[in-house]
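Please open the model in your viewer and keep the sequence beside it, since this tour moves from one selection to the next.

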Amino acid sequence: MSLNGFDERFTDLRDYILTITEWIWEGRGIDLIRDYYAEDCPVKAPAGAFTGVEGVIRGTLETLQEFPDRTLLGEDVIGSEDAPGTYYSSHRIFSHMTHQGEGAFGAPTGIRAGVMTVADCLCREDRIVDEWLVRDQAGLALQLGHSPEAMGRALAEKASMPGQEALVDRWRGPEGDLDIEALGPIAERYRDLWQYGRLERLRTGYDRAIDTKVPGARTLRGHDDLERFWFGYKAAFPAGIFRVHHWIDREDAGAPRRISLRWSLQTTHQGSGVFGPASGAPVVLLGITHAELRGDIVVREWHQLDEIAIHAQIAQHRQQEVS
């Protein structure tokens, strides 16, 4: 995928995303953020959002202060050209890092951790102009000895979480909400699982040797592991409204079929599952999923959700109920 309107040094979208990520983070080219992010670029994550390149610089410096040896290993870039000169990348990263500085995760522990991140970037004229980002914050917390639930309570006390519609809108892009049926059977299967809890779709749509990465830095292997993950989530959130906000479906020569979707589930914490006793809290799950398929069968999958942000929504509701 050649890049129309980008510096000729970049051979394609994958090269662009992986190269500037390495330059900025591991090459310590923090000032290059001003060259490769639009001045008014919005950056949105489940736990918060801001606009402007200076915010990107502050966030990068704060992370490096806490984890100075952080590496960003680009596992995949699933990309598309949505309009001439306008490119979408969904970039999956695995990071090794040592907790050496004071920050969001408290006093330094010296613990070396590994965490998965997925970033969706809208790119135009050699710059990132919009970004959606999900990091496995719960997985990082657990490795550093923290409780994701406790961190969610602390987050709710620190800053008010927006309402459901505002959170869903945070996850939308220029195309709004996509027609799931028009996207085809894979998108319909995700809707059936998240919105309707049709868990029989797991055994018919997933390879017996399925390898799935899920929040909490966990790896699932096989149908039994996969079902246990879904039982936990669907016990907590049995119903809701599932929306797809961006979708990439690629079949490249010599590579498996790969899909990326950015999605939301507007739901209610109705049952006792992985998020504690039912609270009745209105909750929005904001996720990005990558999958590799053989035909329509998923053989590898990555679900990125910020479980600390989910705990924060529940904690905020409990606090409001008490007050």
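Begin by selecting strand S11 (282–294) and helix H11, each of which supplies at least two residues of the lining of the largest cavity; helices (H or I, at least four residues) and strands (E, at least two) are DSSP runs numbered from the N terminus. This is a predicted model, in which local features need pLDDT of at least 70, side-chain atom pairs count only at pLDDT 80 or more, and totals for chains, interfaces and linings use all residues. Residues are numbered from 1 along each chain as its sequence is written, and side-chain values use heavy atoms, with hydrogens and water left out.

Next, select Pro46, Val284, Leu285, Leu286, Leu305, Asp306, Ala309, Ile310 and Gln313, which line the largest cavity. A cavity is a set of points on a 1 Å grid over the protein atoms alone where a 1.4 Å probe fits but cannot get out, and lining residues have an atom within 4 Å of a point. About 30 Å³ of space lies in this cavity, the volume being the space filled by probe spheres set on the points.

Now keep H11 (residues 307–322) and add helix H5 (residues 148–158), whose axes come within 7 Å and cross at roughly 60 degrees; the axes are lines fitted to C-alpha atoms over the stretch in contact, with angles from 0 to 180 degrees between N-to-C directions. H5 and H11 are therefore oblique to each other, a word for angles that are not under 35, over 145 or 65 to 115 degrees.

Finally, show the side chains where the two helices make contact (heavy atoms within 4.5 Å): among them, Met151 and Leu155 belong to the H5 side, and Ile308 and Ala312 to the H11 side.

Methods. 1 Å grid on protein atoms, 1.4 Å probe; cavity = no way out; pocket = protein on both sides within 12 Å on 5 of 7 lines; lining within 4 Å.
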